[in-house]
Amino acid sequence: MFVGYLRNDFEEDISDLLESDKLFELELLKQTYNVFPQYCFAAYENGNIVGVVSAYEFHKHIFINVINVLENYEEVLTRLLKLLIQNTSSMNIFVLIDFKKKQFVEAFNFQEHSLFVRYMHSGEAVPFNFSNSIAKQVSGENYDDVSIKIDKQVFMDNREDYIKTDCTFSNSLKLSTQTGFLHSYVVNKRFIRVSPWLMQSESYLDAEKLLRGVLYYRGLKKIFAYAPKDIKEITELYDSYKFKKDGTYSLMYLGERPELKLENLYAI
């Protein structure tokens, strides 16, 4: 087995991971590799990738945004994490990881910041009003200005390049109001991910409009998002639109604790 930097022809070798995980984010991995190849690592067995880790660097923190191994190769995750940590420019790192696997990062002294729930919408019809008036209100006309401003308020970090370019895909849907924004993108033929979705405080009505917008425009596919577990206003909104809980995740950090405003973070 070879464990090291992700090779630039990795799309030819990653079919096993794609088949094993219906939500594997190949496009996110490709985008991260284009920007931060030095933070992308993989484990190869007989030429096939059996595990991969990638990370994106912000001003204050590094975020591990792809972390995935085949079921029979979970021990490889330790080697991949060790490589990443040894090669990062900062020891302030955070990651959202399946609660059942958090012991792998705890072994490197990561601590738990908060719990998240993965919500999944099946694509079933949800009766709600989505008029031309609401469509205009969430059209995303001021998306760039609104997203950069609110993102800084919620994450307490400079993520401007990420918001403007590096989390944007050719299939992105950008919705916004004056008090929040919601970005969604195509993961594969069946699934849409909402990420990020951020709101200013006391903007529940606008948050509901944005959720209606993504369901209206993306409703024929399954939609998923990761939301803070203990923020009642946020979880009740997902519940009211027939999103189902699909697993618990831990936001873990190493070094400086991220100063996130969870009450404004509708989807990470």
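The following exchange goes through some terms used for this predicted model and sets the computed values against them.

Reader: What makes the chain as compact as a globular protein of that length?

Author: The chain has nine helices and 12 strands. Its radius of gyration is 18 Å, close to the 18 Å that the globule rule gives for 268 residues, so the chain is as compact as a globular protein of that length. Along its principal axes the C-alpha trace spans about 55 × 35 × 30 Å, and 56% of the 268 residues count as buried.

Reader: Why is valine 117 called buried?

Author: Buried means under 20% relative accessible area, and valine 117 has a relative accessible area of 3%, so the word applies to it. Valine 117 belongs to strand E6, residues 111–121. Its C-alpha atom and that of valine 35, 82 residues apart along the chain, are separated by 28 Å.

Reader: Why is glutamate 19 called exposed?

Author: The word exposed is kept for residues over 50%, and glutamate 19, with a relative accessible area of 66%, is therefore exposed. Glutamate 19 is found in helix H1, residues 15–20. Between its C-alpha atom and that of leucine 70, 51 residues apart along the chain, the separation is 9.9 Å.

Reader: How do you know that methionine 156 counts as partly exposed, and what is its phi?

Author: Partly exposed covers what lies in between under 20% and over 50%, and methionine 156 has 29% relative accessibility, so it counts as partly exposed. Its phi is positive, about 55°, although methionine 156 is not a glycine. The residue is in the loop between helix H6 (143–155) and helix H7 (160–166).

Reader: Where does glutamate 202 lie, and why does it count as exposed?

Author: Glutamate 202 is in the loop between E9 and helix H8 (204–218). At 82% relative accessibility glutamate 202 counts as exposed, because the word is used for values over 50%. Glutamate 202 also has a positive phi of about 55° without being a glycine.

Reader: Why is the pair of tyrosine 56 and phenylalanine 58 called tilted?

Author: The structure holds 22 aromatic pairs. In this one the ring centres are 5.2 Å apart and the planes make an angle of 45°. Rings pair if their centres lie within 6.5 Å, and planes that are neither under 30 degrees nor over 60 degrees apart count as tilted, so the pair of tyrosine 56 and phenylalanine 58 carries that name. Both tyrosine 56 and phenylalanine 58 are buried, and ring pairs link them with Phe36, Tyr39 and Tyr162 into a cluster.

Reader: What makes the pair of tyrosine 216 and tyrosine 217 edge-to-face?

Author: The centres of these rings are 5.2 Å apart, with 85° between the planes, and because planes over 60 degrees apart count as edge-to-face, the pair of tyrosine 216 and tyrosine 217 is given that name. Tyrosine 217 is partly exposed, with a relative accessible area of 43%.

Reader: How do you know that the charged end of arginine 159 sits over the ring of phenylalanine 155?

Author: The distance is 3.6 Å from the ring centre of phenylalanine 155, and a charge needs to be within 6 Å of the centre and within 35 degrees of the ring normal to be counted in this way. Arginine 159 also lies over the face of phenylalanine 58, at 4.9 Å from the ring centre.

Reader: How is empty space found, and what lies in the largest pocket?

Author: Rolling a probe the size of a water molecule over the atoms shows where empty space is left. The largest pocket holds about 860 Å³ of space, and of the 36 residues that line it, the closest to its centre are Asp21, Ile67, Asn68, Tyr226 and Tyr249. Strand E4 gives the most to this lining, with seven residues, and by class the lining has 23 nonpolar, four polar and nine charged residues.

Reader: What makes a space a cavity, and how many of 30 Å³ or more does a search of the whole structure find?

Author: In a cavity a 1.4 Å probe fits but cannot get out, whereas a pocket is open. The search finds one cavity of 30 Å³ or more. The largest cavity has a volume of about 80 Å³, and the residues lining it include Phe58, Phe155 and Met156.

Terms used:
Residues are numbered from 1 along each chain as its sequence is written. This is a predicted model: local features need pLDDT of at least 70, side-chain atom pairs count only at pLDDT 80 or more; totals for chains, interfaces and linings use all residues. Side-chain values use heavy atoms; hydrogens and water are left out. Rings of Phe, Tyr and Trp (its six-membered ring) pair if their centres lie within 6.5 Å; planes under 30 degrees apart count as stacked, over 60 as edge-to-face and the rest as tilted. Buried means under 20% relative accessible area, exposed over 50%, partly exposed in between (1.4 Å probe, protein chains only). On a 1 Å grid over the protein atoms alone, a cavity is a set of points where a 1.4 Å probe fits but cannot get out, and a pocket is an open set with protein on both sides within 12 Å along at least five of seven lines; lining residues have an atom within 4 Å of a point. Grid points are joined across faces, edges and corners, and a volume is the space filled by probe spheres set on the points. Helices (H or I, at least four residues) and strands (E, at least two) are DSSP runs, numbered from the N terminus. Ala, Val, Leu, Ile, Met, Phe, Trp, Tyr, Cys and Pro count as nonpolar, Asp, Glu, Lys and Arg as charged, and the others, Gly among them, as polar. The radius of gyration is taken over C-alpha atoms; the globule rule is 2.2 Å times the number of residues to the power 0.38.
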